[in-house]
Amino acid sequence: TTAGNGTFEKIPVGTEIEGMNILGLVLFALILGVALKKLGPEGVDLIRFFNSFNEATMVIVSWIMWYVPIGIMFLVASKIVEMDDIVLLVTSLGKYIFASVLGHIIHGGLILPLIYFGFTRKNPFSFLAGLITPFATAFATCSSSATLPSMIKCSEEIGRAHV
(Lines give C-alpha, C1' and ligand atoms only; values in the text may rest on other atoms or scores of the structure.)
Protein backbone atom coordinates (compact mmCIF):
# COMPACT_ATOMS: atom_id res chain seq x y z
CA THR A 1 0.00 0.00 0.00
CA THR A 2 1.08 3.57 -0.53
CA ALA A 3 0.71 6.24 2.13
CA GLY A 4 1.92 9.77 1.43
CA ASN A 5 5.59 9.75 0.45
CA GLY A 6 6.41 6.13 1.38
CA THR A 7 5.45 2.66 0.28
CA PHE A 8 4.69 0.06 2.89
CA GLU A 9 4.72 -3.66 2.31
CA LYS A 10 2.17 -5.67 4.25
CA ILE A 11 3.64 -8.91 5.59
CA PRO A 12 0.97 -11.58 6.07
CA VAL A 13 0.46 -13.00 9.55
CA GLY A 14 -0.22 -16.70 10.06
CA THR A 15 -3.99 -16.24 10.25
CA GLU A 16 -4.10 -14.21 7.01
CA ILE A 17 -2.47 -16.85 4.78
CA GLU A 18 -4.80 -18.82 2.49
CA GLY A 19 -4.62 -22.61 2.19
CA MET A 20 -4.63 -25.73 4.31
CA ASN A 21 -2.72 -25.98 7.54
CA ILE A 22 -0.76 -29.12 6.64
CA LEU A 23 1.66 -28.76 9.54
CA GLY A 24 -1.22 -28.62 12.02
CA LEU A 25 -2.85 -31.64 10.40
CA VAL A 26 0.36 -33.69 10.54
CA LEU A 27 1.02 -32.67 14.12
CA PHE A 28 -2.53 -33.60 15.14
CA ALA A 29 -2.25 -36.99 13.41
CA LEU A 30 1.08 -37.64 15.12
CA ILE A 31 -0.27 -36.75 18.57
CA LEU A 32 -3.43 -38.79 17.98
CA GLY A 33 -1.36 -41.81 16.91
CA VAL A 34 0.82 -41.59 20.00
CA ALA A 35 -2.24 -41.18 22.24
CA LEU A 36 -3.98 -44.19 20.67
CA LYS A 37 -0.88 -46.30 21.13
CA LYS A 38 -0.63 -45.21 24.77
CA LEU A 39 -4.23 -46.30 25.38
CA GLY A 40 -3.25 -49.89 24.73
CA PRO A 41 -6.18 -52.27 24.24
CA GLU A 42 -8.73 -49.44 24.38
CA GLY A 43 -7.20 -47.73 21.34
CA VAL A 44 -6.89 -50.88 19.22
CA ASP A 45 -10.40 -50.56 17.74
CA LEU A 46 -9.78 -47.01 16.54
CA ILE A 47 -6.36 -47.97 15.17
CA ARG A 48 -7.99 -50.87 13.30
CA PHE A 49 -10.64 -48.44 11.96
CA PHE A 50 -7.97 -46.07 10.62
CA ASN A 51 -6.06 -48.97 9.05
CA SER A 52 -9.25 -50.17 7.34
CA PHE A 53 -10.03 -46.62 6.22
CA ASN A 54 -6.51 -46.36 4.81
CA GLU A 55 -6.91 -49.63 2.87
CA ALA A 56 -10.29 -48.50 1.48
CA THR A 57 -8.76 -45.19 0.39
CA MET A 58 -5.93 -47.04 -1.34
CA VAL A 59 -8.45 -49.17 -3.26
CA ILE A 60 -10.35 -46.08 -4.40
CA VAL A 61 -7.11 -44.39 -5.49
CA SER A 62 -6.12 -47.48 -7.47
CA TRP A 63 -9.51 -47.42 -9.25
CA ILE A 64 -9.01 -43.76 -10.11
CA MET A 65 -5.47 -44.44 -11.36
CA TRP A 66 -6.81 -46.88 -13.95
CA TYR A 67 -9.34 -44.41 -15.40
CA VAL A 68 -7.44 -41.10 -15.26
CA PRO A 69 -5.24 -41.83 -18.32
CA ILE A 70 -8.37 -42.23 -20.46
CA GLY A 71 -9.68 -38.83 -19.37
CA ILE A 72 -6.30 -37.19 -19.95
CA MET A 73 -6.13 -38.79 -23.41
CA PHE A 74 -9.44 -37.13 -24.35
CA LEU A 75 -8.33 -33.77 -22.90
CA VAL A 76 -5.15 -33.87 -24.98
CA ALA A 77 -7.04 -35.05 -28.06
CA SER A 78 -9.44 -32.12 -27.80
CA LYS A 79 -6.53 -29.65 -27.66
CA ILE A 80 -4.81 -31.32 -30.63
CA VAL A 81 -8.00 -31.05 -32.69
CA GLU A 82 -8.15 -27.29 -31.91
CA MET A 83 -4.57 -26.73 -33.16
CA ASP A 84 -4.01 -24.93 -36.50
CA ASP A 85 -0.42 -26.01 -37.27
CA ILE A 86 -0.01 -29.64 -36.21
CA VAL A 87 3.59 -29.87 -37.56
CA LEU A 88 4.71 -27.05 -35.27
CA LEU A 89 3.06 -28.83 -32.36
CA VAL A 90 4.76 -32.15 -33.11
CA THR A 91 8.23 -30.66 -33.59
CA SER A 92 8.12 -28.47 -30.48
CA LEU A 93 6.60 -31.29 -28.44
CA GLY A 94 9.24 -33.70 -29.74
CA LYS A 95 12.06 -31.36 -28.69
CA TYR A 96 10.52 -30.96 -25.25
CA ILE A 97 10.05 -34.71 -24.80
CA PHE A 98 13.63 -35.41 -25.92
CA ALA A 99 15.08 -32.84 -23.50
CA SER A 100 12.89 -34.09 -20.66
CA VAL A 101 13.72 -37.77 -21.21
CA LEU A 102 17.43 -37.02 -21.54
CA GLY A 103 17.39 -35.04 -18.29
CA HIS A 104 15.56 -37.82 -16.47
CA ILE A 105 17.98 -40.46 -17.79
CA ILE A 106 21.00 -38.46 -16.65
CA HIS A 107 19.52 -37.63 -13.26
CA GLY A 108 17.83 -40.96 -12.49
CA GLY A 109 20.30 -43.25 -14.23
CA LEU A 110 23.57 -41.60 -13.30
CA ILE A 111 23.39 -38.94 -10.56
CA LEU A 112 20.99 -40.61 -8.09
CA PRO A 113 22.59 -44.09 -8.34
CA LEU A 114 26.00 -42.52 -7.71
CA ILE A 115 24.67 -40.76 -4.62
CA TYR A 116 23.06 -44.02 -3.40
CA PHE A 117 26.28 -45.96 -4.00
CA GLY A 118 28.31 -43.24 -2.28
CA PHE A 119 26.26 -43.51 0.90
CA THR A 120 25.54 -47.25 1.05
CA ARG A 121 28.28 -48.93 -1.00
CA LYS A 122 25.54 -51.20 -2.44
CA ASN A 123 24.38 -51.74 -6.03
CA PRO A 124 21.69 -49.10 -6.62
CA PHE A 125 20.16 -50.94 -9.57
CA SER A 126 19.17 -53.98 -7.49
CA PHE A 127 17.38 -51.56 -5.15
CA LEU A 128 15.70 -49.77 -8.07
CA ALA A 129 14.48 -53.10 -9.50
CA GLY A 130 12.14 -53.38 -6.50
CA LEU A 131 10.57 -50.05 -7.40
CA ILE A 132 9.42 -50.91 -10.92
CA THR A 133 5.71 -50.86 -9.99
CA PRO A 134 5.71 -47.33 -8.49
CA PHE A 135 7.83 -46.07 -11.38
CA ALA A 136 5.34 -47.47 -13.91
CA THR A 137 2.45 -45.99 -11.94
CA ALA A 138 4.14 -42.59 -11.77
CA PHE A 139 4.86 -42.70 -15.49
CA ALA A 140 1.30 -43.68 -16.38
CA THR A 141 -0.51 -41.23 -14.09
CA CYS A 142 1.94 -38.33 -13.64
CA SER A 143 0.59 -38.03 -10.10
CA SER A 144 2.52 -38.42 -6.88
CA SER A 145 -0.74 -38.94 -4.99
CA ALA A 146 -1.70 -41.83 -7.25
CA THR A 147 1.78 -43.36 -6.93
CA LEU A 148 1.79 -43.19 -3.13
CA PRO A 149 -0.10 -46.46 -2.43
CA SER A 150 2.18 -48.60 -4.59
CA MET A 151 5.25 -46.77 -3.29
CA ILE A 152 4.26 -47.48 0.32
CA LYS A 153 3.67 -51.15 -0.49
CA CYS A 154 7.02 -51.55 -2.26
CA SER A 155 8.85 -49.63 0.48
CA GLU A 156 7.41 -51.97 3.09
CA GLU A 157 8.46 -55.01 1.04
CA ILE A 158 11.98 -53.64 0.46
CA GLY A 159 12.23 -52.75 4.17
CA ARG A 160 11.33 -56.30 5.19
CA ALA A 161 13.80 -57.74 2.70
CA HIS A 162 16.69 -55.60 3.99
CA VAL A 163 16.07 -55.97 7.73
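**Exercise 1.** Decide whether Arg121 is buried or exposed in this predicted model, and describe the backbone at this position.

*Solution.* Begin with the relative accessibility of Arg121, which is 61%. Since the cut-off for an exposed residue is over 50%, Arg121 counts as exposed. Next, locate the residue along the chain: Arg121 sits in the loop that runs between helix H3 (86–120) and helix H4 (124–129). Finally, inspect the backbone, where Arg121 shows a positive phi of about 60 degrees although this residue is not a glycine.

**Exercise 2.** Determine how helix H1 is oriented relative to helix H2, and state which residues form their contact.

*Solution.* Two packed helices are described by the angle between their axes together with the distance between the axes. Here, the axes of helix H1 (residues 22–39) and helix H2 (residues 44–82) come within 8 Å and cross at roughly 135 degrees. That crossing makes H1 oblique to H2, because only angles over 145 degrees would count as roughly antiparallel and those from 65 to 115 as roughly perpendicular. As for the residues, Leu32, Leu36 and Lys37 of H1 meet Leu46, Ile47 and Phe50 of H2. Sorted by class, this contact comprises 5 nonpolar residues, no polar ones and 1 charged residue.

**Exercise 3.** Establish whether Thr147 is buried or exposed, and list what Thr147 touches beyond its sequence neighbours.

*Solution.* Thr147 belongs to helix H6 (residues 144–162). Its relative accessible area is 10%, and the limit for burial is under 20%, so Thr147 is buried. Leaving aside residues up to four places away in sequence, Thr147 touches Met65, Pro134, Thr137, Ala138 and Thr141.

Conventions
Residues are numbered from 1 along each chain as its sequence is written. This is a predicted model: local features need pLDDT of at least 70, side-chain atom pairs count only at pLDDT 80 or more; totals for chains, interfaces and linings use all residues. Side-chain values use heavy atoms; hydrogens and water are left out. Helices (H or I, at least four residues) and strands (E, at least two) are DSSP runs, numbered from the N terminus. Buried means under 20% relative accessible area, exposed over 50%, partly exposed in between (1.4 Å probe, protein chains only). Contact means heavy atoms within 4.5 Å. Axes are lines fitted to C-alpha atoms, for helices over the stretch in contact, and angles run from 0 to 180 degrees between N-to-C directions. Angles under 35 degrees count as roughly parallel, over 145 as roughly antiparallel, 65 to 115 as roughly perpendicular and the rest as oblique. Ala, Val, Leu, Ile, Met, Phe, Trp, Tyr, Cys and Pro count as nonpolar, Asp, Glu, Lys and Arg as charged, and the others, Gly among them, as polar.
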